[in-house]
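Q: I'm new to reading protein structures. Could you walk me through one, feature by feature?

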Amino acid sequence: MAKTTPAEALTVERKRLVLDANILIRGCLGLRVKCLIATYADQVDFYVAESNVTEAAHYIAELAKKKRLDVITCTDTLLSLMQIVQQMGDTMLESAREEALTRIRDPNDWQALALALQLECAIWTEDQDFFGTGIATWTTNTVEIYLKS
């Protein structure tokens with residue numbers, strides 16, 4: 001049996017979690033998501049697919065106007081979140097694309113699933129299309145159970 005060095009014994013693998021676009025949007029328009037990410041950023045690595053950032057950015061201004069929120073503040077919040085959340089390029093996801101497409105009902109959501117497949121981690125989403133894909137999914141109401149564990 002191989003001996004473990006003191007440094008290896010202290011090394012704890014960090015949790016990983018893929019965020020869907022709707023979580024980024026919630027993080028920019030409300031408080032709960034933003035607070036959860038900030039609270040657990042020192043313990044959890046958060047990831048998002050490049051296309052999900054683009055999707056979120058597209059909807060943030062429109063939704064901010066509907067909710068009578070300051071568009072610039074909401075956009076700045078996205079930029080702030082992206083200082084914590086690691087964006088992964090869609091080209092890096094191509095090797096898992098086919099598997100993701102066979103598992104998910106909505107083919108427009110393949111990138112987040114492919115990223116979760118590659119990282120072997122759960123997805124934080126409000127989109128029920130991810131349920132039943134074989135990857136653990138957490139909603140904003142339940143994700144803190146995972147984050148605390």
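A: Sure, and keep in mind that this is a predicted model. Let's begin with one pair of residues: Val18 stands opposite Tyr47 in β2.

Q: Which strands pair around there, and in what sense?
A: Generally, strands of a sheet pair through backbone hydrogen bonds, either parallel or antiparallel. Here, β1 (residues 15-19) and β2 (residues 44-49) pair in the parallel sense, over four bridges.

Q: What is the order of the strands in the sheet?
A: Read across the open sheet, the five strands run β3-β2-β1-β4-β5, with parallel pairing. At the edges sit β3 (86-88) and β5 (137-138), each of which pairs on one side only.

Q: How many helices and strands does the protein have?
A: You'll find eight helices and five strands. Following the sequence, the pattern goes α-β-α-α-β-α-α-β-α-α-β-β-α. As for the overall fold, the radius of gyration is 16 Å, close to the 15 Å that the globule rule gives for 149 residues, so the protein is as compact as a globular protein of that length.

Q: How do I read which contacts link distant parts of the sequence?
A: Look at how far apart the partners are in the sequence. Of the contacts with a separation of 6 or more, 67% are between residues 24 or more positions apart.

Q: And what about the inside and the surface?
A: Buried residues, meaning those under 20% relative accessible area, make up 44% of the 149 residues. The protein exposes about 8,600 Å², and carbon and sulfur atoms supply 53% of that area.

Q: Where do the charges come in?
A: Compare their mean positions: those of the 15 positive and 21 negative charges are 7 Å apart.

Technical notes:
Residues are numbered from 1 along each chain as its sequence is written. This is a predicted model: local features need pLDDT of at least 70, side-chain atom pairs count only at pLDDT 80 or more; totals for chains, interfaces and linings use all residues. Side-chain values use heavy atoms; hydrogens and water are left out. Helices (H or I, at least four residues) and strands (E, at least two) are DSSP runs, numbered from the N terminus. The radius of gyration is taken over C-alpha atoms; the globule rule is 2.2 Å times the number of residues to the power 0.38. Buried means under 20% relative accessible area, exposed over 50%, partly exposed in between (1.4 Å probe, protein chains only). Contact means heavy atoms within 4.5 Å. Accessible areas come from the Shrake-Rupley method with a 1.4 Å probe; for residues, only the protein chains shown count as cover. Lys and Arg count as positive and Asp and Glu as negative; His and the chain ends are not counted. The place of a charge is taken as NZ of Lys, CZ of Arg, CG of Asp or CD of Glu. Two strands pair if DSSP finds at least two bridges between them.
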